[in-house]
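Q: I am new to this structure and should be grateful for a close look at a single part of it. Please describe that part in detail and then show how it relates to its surroundings.

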Amino acid sequence: MNTLIRAAATALLACAVALPAATTATAAAPTSASAPPPVAVSVPQNTPASLADRPAGALRMPAPTGPHKVGSSVLHLVDRSRTDPWVPEADGRELMVTLHYPAARSAHGRPAAYATREEARLLLEAVSVADPALIRQVAKARTHSAVDVRPAPGRHPLVVLSPGFGMGRYTLTGLAVDLASRGYVVASLDHAYEASGTSVPGGRTLTCVACTVMEESGWSKGSVVTGTRAADTRFVLDRLTGPRPAWKYASSIDRKRIGMAGHSIGGASAGTAMASDRRIDAGVNMDGTFWDELPADGLGGRPFLFLGTDSHGPGGDDASWDRTWAGLRGAKHWLTVTGADHLGFSDAPVLLGHLGLPHGDLPAERAVSVTRAYVAAFFDEHLRGEDQPLLDGPDPAHPEVRFHHP
């Protein structure tokens with residue numbers, strides 16, 4: 001598994017788990033004629049002292065910034081109408097979903113865990129960390145949310161989050177909890193057999209079978225990933241907003257305001273999901289290569305945000321961003337973040353900083369702050385209809401962010 005995830009980390013559709021000591025590497029070119037070109041991903045050597053020098057101890061996740069308390073629920077869903085592409089003998093397509101949501105002011109409950117011990121062990125194993133004490137620290141980490149507490153009154157927009165390839169849904173918890181504190185219901189998905197480890201009921205753990213398939217195929221099956229994740233998203237939306245919802249607090253979801261965001265290939269999947277499901281009103285791709293061509297009408301005028309590293313600027317290493325941008329109609333935003341690396345739009349900077357591993361030139365606190373600010377501003381403007389000057393151009397409080405208008 002180490003070899004597979006290390007190989008994946010050099011590609012744009014990477015497992016997105018950083019190598020402890022790496023130089024700039026270039027992904028092997030996908031063999032599919034329609035696949036994007038390879039992209040170089042640099043894994044810097046320096047770690048901000050504010051995190052690297054932190055004494056060993058509890059892993060602390062960044063606190064949310066919104067006015068609401070946050071609740072958390074976990075669902076286990078199985079779509080038996082589909083065959084899992086990675087493990088065809090499985091009993092349907094198995095999904096774990098974490099819902100973060102604005103909680104009632106009076107809500108009090110047990111803090112939700114960040115990850116299970118087995119998920120923590122497999123994640124750290126992927127970056128060659130086997131220290132039992134560090135595994136315990138990740139497994140004992142708690143999020144800024146309480147388990148199954150009552151939601152805040154009213155109906156709230158829904159945002160679906162899809163993680164990078166090889167990464168668990170919990171690696172987008174920092175963004176999910178922050179959006180929930182700002183008044184969103186957030187559904188973070190674990191796509192079966194596409195993460196280093198996913199704990200499911202019955203004491204089972206699904207490991208990254210897809211990592212093996214992708215490596216053996218020369219990374220040519222990106223469209224299988226994005227298409228499967230689009231179908232996963234449709235199924236989850238059906239189970240959250242349909243006539244017999246799987247979540248007991250589903251009545252707090254505003255079915256007419258739905259967005260989707262993702263990191264790496266999860267971001268590419270947001271575009272693919274929007275193309276096949278009109279229920280998704282707005283989408284965000286955080287540093288992911290687009291594997292699929294847009295329909296002739298783009299996304300039907302629905303808004304989309306590109307948020308990436310410097311290498312994802314216009315005319316940069318990833319031509320799929322230029323191509324997709326040209327095909328979009330309606331509101332669209334193209335932003336890059338100076339100093340961020342591919343992992344910087346997830347919880348990875350916080351996790352890797354705690355472990356003393358490199359994670360880009362941008363300090364973890366800034367990476368978290370920038371991602372939260374711009375993703376929230378995008379959804380506030382395009383799901384809530386609230387004008388966001390932050391999206392109009394450069395902002396002195398966020399000097400790392402560059403705006404592009406090709």
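A: The part chosen here is a set of linked charged residues: a network of salt bridges joins D79, R82, D84, R93, E194, R229 and D232. A salt bridge is counted when a side-chain nitrogen of Lys or Arg lies within 4 Å of a carboxyl oxygen of Asp or Glu. The model is predicted, so that local features need pLDDT of at least 70 and side-chain atom pairs count only at pLDDT 80 or more, whereas totals for chains, interfaces and linings use all residues. Residues are numbered from 1 along each chain as its sequence is written, and side-chain values use heavy atoms, with hydrogens and water left out.

By the salt-bridge rule, the count comes to 19. One of them joins the side chains of R80 and D91, with N and O 3.0 Å apart. This pair links distant parts of the chain, eleven residues apart, and both R80 and D91 lie in the loop between β3 and β4. Strands (E, at least two residues) and helices (H or I, at least four) are DSSP runs, numbered from the N terminus. Both R80 and D91 are exposed; exposed means over 50% relative accessible area, buried under 20%, and partly exposed in between, with a 1.4 Å probe and protein chains only.

A further salt bridge is formed by the side chains of R204 and E94, at 2.6 Å from N to O. Because R204 belongs to strand β10 (residues 204-206) and E94 to strand β4, this pair ties together parts that are 110 residues apart in sequence. R204 counts as partly exposed, its relative accessibility being 38%, while E94 is buried, with a relative accessible area of 12%.

Strand β4, where E94 is found, deserves attention. Eleven of the eleven residues of this strand (residues 93-103) are buried, so β4 is largely enclosed by the rest of the structure. Strand β3 (residues 69-79) pairs with β4 in the antiparallel sense over eleven bridges, two strands being paired if DSSP finds at least two bridges between them. In this pairing, T98 of β4 stands opposite V74. Strand β8 (residues 185-191) also pairs with β4 in the antiparallel sense, over six bridges; there, L189 of β8 is the bridge partner of V97.

V74 and T98 appear again at the largest pocket, which holds about 370 Å³ of space. V74, T98, A113, Y114 and R169 are the closest to its centre among the 23 residues that line it. The elements that each give two or more residues to the lining are β3, β4, β5 (111-113), β6 (142-147) and α5 (173-181). A pocket is an open set of points on a 1 Å grid over the protein atoms alone, where a 1.4 Å probe fits, with protein on both sides within 12 Å along at least five of seven lines; lining residues have an atom within 4 Å of a point. Its volume is the space filled by probe spheres set on the points, which are joined across faces, edges and corners.

R229 and D232 of the network carry numbers that fall within helix α7 (residues 222-241). Of the 20 residues of α7, 14 are buried, so this helix is largely enclosed by the rest of the structure. At 1.5 Å a residue, α7 should span 28 Å, and its end C-alpha atoms are 28 Å apart, which agrees; the expected span is 1.5 Å times one less than the number of residues.

E194 of the network follows Y193 in the numbering, and Y193 lies in the loop between β8 and β9 (198-200). Y193 has a positive phi, near 65 degrees, in a residue other than glycine. Most residues other than glycine have a negative phi. Y193 is buried, with a relative accessible area of 12%. S128, which is not a glycine either, has a positive phi of about 60 degrees. S128 is placed in the loop between α3 (117-126) and α4 (132-140) and is partly exposed, at a relative accessible area of 43%.

A last salt bridge for comparison is that of R384 with D380, whose closest N and O atoms are 2.9 Å apart. R384 is partly exposed, with a relative accessible area of 25%, whereas D380 counts as buried at 9% relative accessibility.
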